[in-house]
Amino acid sequence: RDFSPRFPPKQTQFWNRQVQYRFLCSTASTIPHYCDFQNTGLLCWRTPEQLTAMANSEELDPNFPPGLHLVSAFLAMEPSDSLISIARACGGGIVSENVQRFIWEHCINKAATIGYAPYVKNFVKKLIFEVESTHGCVLDELYEHYGHYMTSLKEDSLSRGKACKHISFLFTDGSFELSSCPKLRKLVVPLNCSLNMLEGDTGCSVWPSSLYLSEFILSFPDKFSNKTCFEVGSGVGLVGICLSHVKASKNSGVIGIQVNFSHVICRNCSSFHSVQVILSDGDLSTLANMKLNLGLNHTSTTMDVLEKCDKELNLVKSDIGSNSEVQCIHLSWESAAEAELQEFMPDTVLGADVIYDPACLPHLVRVLATLLKQRQVTSRTRNSICQEDIVNEGIAEEAENDKQAYIKSMKTPTGYIACVIRNIDTFNCFLDLAEQGDLTITDITDTARPLKLLPYMSSYNPSCIRLFTVTSKR
């Protein structure tokens, strides 16, 4: 057999093709070995650790790392280089045939029905190059798949239009007690979003701060459960979907407000127990896409959301979970009236990457100041939990204590703003305007770090994101 010069010149010979791995040099564990790769007679340079990992790659499971990370990165449409890096880790430094088989079965085959073809084409091209560059054997299925893409897709098709990314929040063993942690410790959020934010479709892109704020919500669900939450500049709706998940997890199976004790339930007074998520955006096309994403994440109301999306762009209500309400509203910061904003009276206001345009900052600060203004609690609100709504009369005192605690929290709304400080002058302008608007800005990045729920996402760098609370002095 004629061996290419790319192989080491010594210790080459023909091997028995019936044996997968045969070693020709010392068996010391620290010395690299030649091996017959996958019974092909092809000589490859492999360390013992790589050979062990190649054998163990047969045990890859899509429900556990590193297989879980590989599948999650693929569904999130991470850069191909990131996927290749994870694939190498799965194979102990190389993309073995077993890893290729895993990718084929759990990634590429599943992508065919959800519009991933252009992305898969680029990934498969780099995957083949990676395997060939390490003198490995490429699966025939990968060659055939890439050949099909070569004849059916144009090179620039990936940079156009939208695709459905699946963002997977992966909870660790220690987070199982959180109310936001699903039983399978994985929350998958499908999002219809833009593939190229540089072409002006910024409202339909997944921004880093929205990922960070979503991690924060899922890591500290008690800060958001049983509260009305208002998000400014909601974009694709990721933060709102995570808020609705927290509320559905916290209040599962209960109609009305549940405060610490499952037997304290207000059934009739909607003015008190209104627990909802309000998402807003100033761009109508972004708002329509947001409503589509709400449907993707709650299939029981998908058709209802899509129908209303076409007929009524200003306001859509859709049920999420069993007892949580989401509103999508068209809100232009420049034209938003104070009386209109005061009607919402949220407990919590959120925003991700909303500090970017100096021209918009005065309007943003005005909106935040209005939404966060402390409210006087009326006697009608205080009496909204009636004695007949208490199922067990023996816990009346406990119920009253919970009611007073809830009313107190209503009087002090809090804002959470996550952002990447790209321009320090723009951020300082925001701080000056906030001071003029009687708002207090506090950096809590170092004291309230969220769990790392996106370990597979190399394109996401949480270390460059700052988290601030915003409160009103009035």
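**Burial, salt bridges and helix packing in the predicted model**

D353 is buried, its relative accessible area being 12%. The structure described here is a predicted model, and D353 serves as the point of entry to it. The residue is found in the loop between β11 (348-352) and α13 (361-371). Its backbone has a phi near 50 degrees, a positive value in a residue other than glycine. With 12% falling under the 20% limit for burial, D353 is therefore assigned to the buried class.

The side chain of D353 takes part in a salt bridge with that of R422, with an N to O distance of 3.2 Å. This pair links distant parts of the chain, since R422 belongs to the loop between β12 (414-420) and α16 (424-436) whereas D353 belongs to the loop between β11 and α13, and the two residues are 69 residues apart. The partners contrast in accessibility: R422 counts as exposed at 51% relative accessibility, while D353 is buried at 12%. In general, side chains of opposite charge can pair when their charged atoms come close.

In overall composition, the protein chain has 16 helices and 14 strands. Buried residues account for 50% of its 474 residues. Among the contacts in the chain with a separation of 6 or more, 71% involve residues 24 or more positions apart.

A search of the whole structure finds 10 salt bridges. One of them is formed by the side chains of R88 and E130, at 2.8 Å from N to O. R88 lies in helix α3 (residues 80-90) and E130 in helix α5 (residues 117-133), so this salt bridge ties together parts of the chain that are 42 residues apart in sequence. R88 is partly exposed, with a relative accessible area of 31%, whereas E130 is buried, with a value of 11%.

A further salt bridge joins D446 to R449, and the closest N and O atoms of this pair are 2.8 Å apart. D446 counts as exposed, at 54% relative accessibility. Through salt bridges that share partners, D443, D446, R449 and R466 are joined into one network.

Helix α5, which contributes E130 to the salt bridge with R88, also packs against helix α6 (residues 140-152). The angle between α5 and α6 is about 135 degrees, and their axes are 10 Å apart. This angle makes α5 oblique to α6. The crossing of the two helices is left-handed. On the α5 side, the contact is made by A117, V120, K121, V124, K125, L127, I128 and E132. The residues contributed by α6 are L142, Y143, H145, Y146, Y149 and M150. Classified by residue type, the contact of α5 with α6 has 10 nonpolar, 1 polar and 3 charged residues.

A second helix pair consists of α2 (residues 67-75) and α4 (residues 97-111), which pack at an angle of about 25 degrees with their axes 10 Å apart. Because angles under 35 degrees count as roughly parallel, α2 and α4 are described as roughly parallel to each other. Their crossing is right-handed. Helix α2 contributes G67, L70, V71 and F74 to the contact, and helix α4 contributes F102, I103, H106, C107, I108 and A111. The contact of α2 with α4 has 8 nonpolar and 2 polar residues, with no charged residues.

Backbone geometry was also examined in the loops. The peptide bond from P65 to P66 is cis, with omega near 0 degrees. P66 lies in the loop between α1 (48-56) and α2, the latter being the helix that packs with α4. A positive phi in a residue other than glycine is found at R185, where the value is near 60 degrees. R185 lies in the loop between β3 (162-170) and β4 (186-194). At 27% relative accessibility, R185 counts as partly exposed. D353 likewise has a positive phi, near 50 degrees, but D353 is buried.

Conventions: Residues are numbered from 1 along each chain as its sequence is written. This is a predicted model: local features need pLDDT of at least 70, side-chain atom pairs count only at pLDDT 80 or more; totals for chains, interfaces and linings use all residues. Side-chain values use heavy atoms; hydrogens and water are left out. Axes are lines fitted to C-alpha atoms, for helices over the stretch in contact, and angles run from 0 to 180 degrees between N-to-C directions. Helices (H or I, at least four residues) and strands (E, at least two) are DSSP runs, numbered from the N terminus. Angles under 35 degrees count as roughly parallel, over 145 as roughly antiparallel, 65 to 115 as roughly perpendicular and the rest as oblique. A crossing is left-handed if the near helix is turned anticlockwise from the far one by less than a right angle, and right-handed if clockwise. Contact means heavy atoms within 4.5 Å. Ala, Val, Leu, Ile, Met, Phe, Trp, Tyr, Cys and Pro count as nonpolar, Asp, Glu, Lys and Arg as charged, and the others, Gly among them, as polar. Buried means under 20% relative accessible area, exposed over 50%, partly exposed in between (1.4 Å probe, protein chains only). A salt bridge is a side-chain nitrogen of Lys or Arg within 4 Å of a carboxyl oxygen of Asp or Glu.
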